[in-house]
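Biologist: Could you walk me through the ligand surroundings in this one, slowly? I'd like a close look at that part and how it ties in with the rest.

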Amino acid sequence: MSGHGAPVTHAGELDGTELTVAVAAASWHDTIMAGLLDGARRALRDARVGNVIEVRVPGSFELPVAARRVAERADAVVALGVVIRGGTPHFDYVCSAATTGLTDVSVVSGKPVGFGVLTCDTEEQGLDRAGLEGSNEDKGYEAAEAAVRTALTL
Ligand code: DLZ
């Protein structure tokens with residue numbers, strides 16, 4: 001399910017048995033979120049991650065603070081959310097806050113944060129990337145695999 005130049009990698013080649021990985025997930029757009037969460041859980045299982053923590057927050061704006069808190073107890077974090085453009089500039093503020101905030105958490109904590117936040121113009125774009133039946137991409141899986149791979153590299 002990889003495309004657009006993404007490396008072809010599989011979490012099954014990783015050994016995460018010694019790792020604790022935290023998944024922080026927003027709650028907007030439940031069908032797409034369910035696909036992202038399922039993909040992230042699948043990647044963590046494939047990588048045999050020893051300990052998984054999951055926290056839910058209301059929206060993507062809350063992901064950075066959740067990521068920061070769980071990063072204290074984990075070797076890596078996977079942040080999952082879906083932001084869909086509406087008729088106001090709100091979309092840009094939520095996307096910008098989530099992106100900048102999660103980058104800050106990663107750099108300041110020194111822990112990898114897998115970026116599984118979809119920023120979409122339409123719901124269809126989100127469904128196509130959610131790892132659901134008929135999706136072309138599996139961004140939850142990719143984000144979790146990237147977080148584990150980076151934690152094992154550092
Ligand atoms: C308010 C809002 C809007 C309009 N859209 C989304 C969205 O598409 N995806 C998402 O994850 N969250 C959205 N939110 C909620 C904000 O992220 C946040 O939860 C609220 O502004 C409360 O702080």
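Modeller: Here is the shell around the ligand, followed by two of its annotated residues and then the core. This is a predicted model, where local features need pLDDT of at least 70, side-chain atom pairs count only at pLDDT 80 or more, and totals for chains, interfaces and linings use all residues. Residues are numbered from 1 along each chain as its sequence is written.

Of the 14 residues around the ligand, Ala26, Trp28, Gly59, Ser60 and Phe61 come nearest (near means a C-beta atom, placed from the backbone, within 6 Å of the molecule). Strand β3 (76-84) gives the most, with 4 residues, and α3 (90-109) also supplies at least two; helices (H or I, at least four residues) and strands (E, at least two) are DSSP runs, numbered from the N terminus.

An unreviewed UniProt entry places "binding site" at several positions, including Phe61 and Ile84; such annotations may be inferred rather than shown by experiment. Phe61 sits in the loop between β2 (51-56) and α2. Phe61 counts as buried because it has 20 C-beta neighbours inside 10 Å (buried is 20 or more, exposed 12 or fewer, partly exposed in between). Leaving aside neighbours within four places in sequence, Phe61 is in contact with Val94, Ala97 and Ala98 (contact: C-beta atoms within 7 Å, placed from the backbone). Ile84, in strand β3, has 18 such neighbours inside 10 Å, so Ile84 counts as partly exposed.

Strand β3 also supplies at least two residues of the largest nonpolar core, a set of buried Ala, Val, Leu, Ile, Met, Phe, Trp, Tyr and Cys residues joined through C-beta atoms within 7 Å. Of its 48 residues, Val77 and Leu80 touch the most other members.

Key
Contact = placed C-beta atoms within 7 Å.
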